[in-house]
Amino acid sequence: MSDTNSNGGSGNGSGAQIELRNVTKRYAGQKIAAVDNVNLTIPAGEIVMFVGPSGCGKTTTMRMINRLIEPTDGEILIGGEDVRKKDPNELRRHIGYVIQAGGLFPHMTVADNIALVPKMLGWTASKIAERVREMLALVGLEPGQFANRYPRQLSGGQQQRVGVARALAADPPVLLMDEPFGAVDPITRAHLQDELLSLQDELSKTIVFVTHDFDEAVKLGDRIVILAEGSKIVQYDEPGAILANPADDFVRGFIGEGGAMKLLNVTRLADIELANVASAGPGDTAAQVLEKVNNSEVPWAVVLDDSKRPVRWITAETLAEIDGPIGDHSNADNGDHNAQITISGRSTVQEALEALLKADQNVVPVTVRRRYVGSVTLNVVQNAINQLRDKAKAGGRK
Ligand code: ADP
Ligand code: MG
């Protein structure tokens, strides 16, 4: 085979687009189709979450992608190629598949489970052994400790990690994950979710992930598909857009209580408009800074060091007392104080809200690579919510 060792390395190959065109599955003896004329494009390199009630056709839809189930009608394309034109076994070697509880073979060691597809692809023993070690390390399991264990000697979370390692072993462009973290406790699940996200940062696979947990969908998904009976697509959009503008009551039901808080949790400070707050360098004159303060939203300026890192806050009162450059002049009686609390632009608006509540004034400096980029206030949070709602409405849905 020509592709046996084309990309067995550290996973720099990115994912492939998946396209479902008028896909229908009707099981024998079923009155209504389990999957009814579905059209869906899953962009390369993204995590797309399928969310919907039990029995709505999520698993059926997913298993048609790797041909564990054959569609009754329609076409499925991966990277532009019709999956029906491929040998099903060959196809599955290039699609990772992870199911609940890992789906490991109980009579095989962890190493043998992970080596399964690389062996089928005819990799050499030494390359396989190296890959097994690499995969175990990637999912946070010490190779020396875990390679020769059997699945029953692992916790649920560890089995799930091995399941992910096995699915990734041959570096497939596509990963199908069917409620993979459903059987583990909430704390382990949160760890596994975090690990999947950091893996994805490195690997950029195309991941289709089924869950019935909307919060998991929001946390992991670049996009979410909300499915109803027959795999009918009720809404397909980015988590923020679904939270800001749910298509109907069915979607609202999935979002559950606290949709606005969840929206704050998926929106990053780098992506919203920050407050106009005066900033100053130590060499600026008090008069210059005071003029900026008078044109800003709050009666203070944030003083930055030479690398533009926030150092302290200076009030309009103190600025009025200074003649010439502000230097390190500070007057605690006026409320001047160190800028101890700052927040990264990568943080969510919800984290900013928490920082605001902790800070002793209603403004917190935001930094990107530790340089000051603007400030966050309660007003900023409110405006961000309004803008997200307007944007979601204007953008509509597919
Ligand atoms: P989900 O994963 O969303 O819970 P499934 O895809 O498993 O849903 O099932 C969709 C529908 O198809 C359900 O009504 C289910 O009972 C039916 N179904 C699933 N597998 C089979 C099968 N092998 N034979 C007949 N009906 C099936
Ligand atoms: Mg299912």
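In the predicted model, helix 3, formed by residues 110–120, packs against helix 6, formed by residues 156–168, at an angle of about 30 degrees, and the axes of these two helices are 7 Å apart. Because angles under 35 degrees count as roughly parallel, helix 3 and helix 6 are described as roughly parallel to each other. The crossing in which helix 3 passes helix 6 is right-handed.

Helix 6 also takes part in a second pairing, with helix 7, which spans residues 186–203; here the axes come within 10 Å and cross at roughly 20 degrees. Helix 6 and helix 7 are therefore likewise roughly parallel to each other, and their crossing, too, is right-handed.

The surroundings of ligand 1 were examined next. Ligand 1 is surrounded by Y27, Q30 and A34, together with P53 and the run S54, G55, C56, G57, K58, T59 and T60. Sorted by class, this shell comprises four nonpolar residues, six polar residues and one charged residue.

Polar contacts to ligand 1 involve both side-chain and backbone atoms of the protein, including those of Y27 and G55. An N or O atom in the side chain of Y27 is 3.4 Å from a nitrogen atom of ligand 1, whereas at G55 a backbone N or O atom lies 2.7 Å from an oxygen atom of the ligand. A backbone N or O atom of G57 is likewise placed 3.0 Å from an oxygen atom of ligand 1. Of the 560 Å² that ligand 1 exposes when taken alone, 58% is buried by the protein.

Conventions. Residues numbered from 1 in each chain as written. Chains lettered and ligands numbered in written order. Predicted model: local features only at pLDDT ≥ 70, side-chain atom pairs only at ≥ 80, totals over all residues. Heavy atoms only, no water. Near = heavy atom within 4 Å. Polar contact = N/O pair within 3.5 Å; in protein donor to acceptor, adjacent residues only side chain to side chain. Areas by Shrake-Rupley, 256 points an atom, 1.4 Å probe, with all protein chains shown as cover. Nonpolar A, V, L, I, M, F, W, Y, C, P; charged D, E, K, R; others polar. Axes fitted to C-alpha atoms, helices over the stretch in contact; angles between N-to-C directions. Helix = DSSP H or I, 4+ residues; strand = E, 2+ residues; numbered from the N terminus. Parallel < 35°, antiparallel > 145°, perpendicular 65-115°, else oblique. Left-handed = near helix turned anticlockwise from the far one by under 90°.
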